[in-house]
Amino acid sequence: MSEWSRKHLLGLSEMSKEEIEAILDSAKAFKEISKRQVKKVPALRGKTVVNLFFEASTRTKTSFELAAKRLSADVVNFSSKGSSLEKGETILDTLRNLEAYSVDIFVIRHNHSKAPFYLSTRTQASVINAGDGLNEHPTQALLDMFTVRERLGKLKGLKVAIVGDILHSRVARSNIWGFSKFSSQVWVCAPPTLIPKYYSCLPVKITYSLKEALSGADVVIMLRVQKERQSQMFFPSQREYSEFFSLNEENAKLLKEHSLVMHPGPVNWDVEIASCLKEKVQNLILEQVNNGLAVRMAVLYLLSIGKKYEVGS
Ligand code: CP
């Protein structure tokens with residue numbers, strides 16, 4: 001892929017394999033830069049990035065801020081708390097007012113699915129989806145794919161098991177689109193109440209058995225139980241959920257030697273993963289966080305400059 005023509009990054013469902021590869025290749029080059037003593041390049045000097053977060057975030061927000069700074073862009077962090085949204089200003093008016101400062105890129109997280117898409121149709125700036133409701137979290141899936149490609153050397157022909165609160169997970173949806181474009185087989189595993197009916201139309205295998213999901217898996221992505229989005233009881237108790245769907249010392253024996261255990265964070269230890277496995281799995285989870293910075297630098301760069309980043313460019 002020689003030219004990058006996409007203005008916004010809204011989801012992996014609409015992206016080609018070549019576009020995803022361009023992001024992962026550029027991220028590899030940016031990861032090298034982050035190992036240098038001077039971790040900054042002038043690539044986005046003069047550009048303005050606004051992080052527009054209407055929902056809580058630690059990893060995504062800080063890594064987009066750091067990514068913009070490492071690229072020498074000006075960056076502003078906007079949180080809905082303490083803003084004029086509390087006085088009744090709409091999100092569209094908020095966006096338009098901030099755009100008056102000649103913003104180049106808005107990074108948007110919102111609890112409504114498709115909110116970044118809606119705002120992208122009403123601004124001259126580029127929009128990056130930093131997680132929208134139950135829809136997509138494209139940069140999380142990209143950093144997951146980057147981590148897998150770096151660790152296993154490929155994205156093709158893998159068994160990728162996604163376990164947990166599938167119903168409320170935008171991370172699951174983005175990873176399904178991403179990995180399936182590279183001919184990997186994605187499995188989802190959860191109690192039946194946490195797998196939506198429409199999943200039978202997606203390119204996934206569905207199982208309610210953790211044993212079946214873990215057996216022979218190259219990659220296991222454990223998902224957080226999103227209590228804040230659950231309006232009703234989807235399983236009898238947390239204890240019962242953990243008994244059947246938590247990764248523990250016993251069922252981890254089903255994994256292969258090279259299997260990767262990942263989690264987008266934040267982790268509820270002893271709900272999704274037994275805390276006795278913390279020592280074993282935490283390094284890779286933090287590696288995911290670290291890779292998120294390089295991937296977000298790559299996305300900001302490609303949307304701004306329109307070509308793949310290579311060291312020295
Ligand atoms: N994985 C993820 O999106 O984490 P944050 O909610 O902390 O950004």
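1. In this predicted model, five strands form an open sheet whose order is S7-S6-S5-S8-S9, and the pairing within that sheet is parallel. The edges are taken by strand S7, which spans 204-207, and by strand S9, which spans 260-262, each of them pairing on one side only. From one strand to the next, the twist averages 20 degrees.

2. Within the sheet, the pairing of strand S5 (residues 159-163) with strand S8 (residues 219-222) can be followed in more detail, since the two run in the parallel sense and are joined over four bridges. As a point of reference for anyone inspecting the register, Val 160 has Val 219 in S8 as its bridge partner.

3. Helix H5, made up of residues 138-152, packs on the sheet and touches both S8 and S9, and the direction of the helix makes about 160 degrees with that of S9.

4. Turning to the ligand, the residues that surround it are Ser 57, Thr 58, Arg 59, Thr 60, Arg 109, His 137, Gln 140, Pro 264 and Gly 265. Gln 140, listed among these surrounding residues, falls within the span given for helix H5, residues 138-152.

5. Three polar contacts deserve attention when the ligand is examined. Arg 59 places a backbone N or O atom 2.9 Å from an oxygen atom of the ligand, whereas Thr 60 contributes a polar side-chain atom that lies 2.6 Å from a ligand oxygen atom, and a polar side-chain atom of Arg 109 is found 2.9 Å from an oxygen atom of the ligand. Of the 250 Å² of accessible area that the ligand has on its own, the protein covers 90%.

Methods:
Residues numbered from 1 in each chain as written. Predicted model: local features only at pLDDT ≥ 70, side-chain atom pairs only at ≥ 80, totals over all residues. Heavy atoms only, no water. Pairing = 2+ DSSP bridges. Axes fitted to C-alpha atoms, helices over the stretch in contact; angles between N-to-C directions. Contact = heavy atoms within 4.5 Å. Near = heavy atom within 4 Å. Polar contact = N/O pair within 3.5 Å; in protein donor to acceptor, adjacent residues only side chain to side chain. Areas by Shrake-Rupley, 256 points an atom, 1.4 Å probe, with all protein chains shown as cover.
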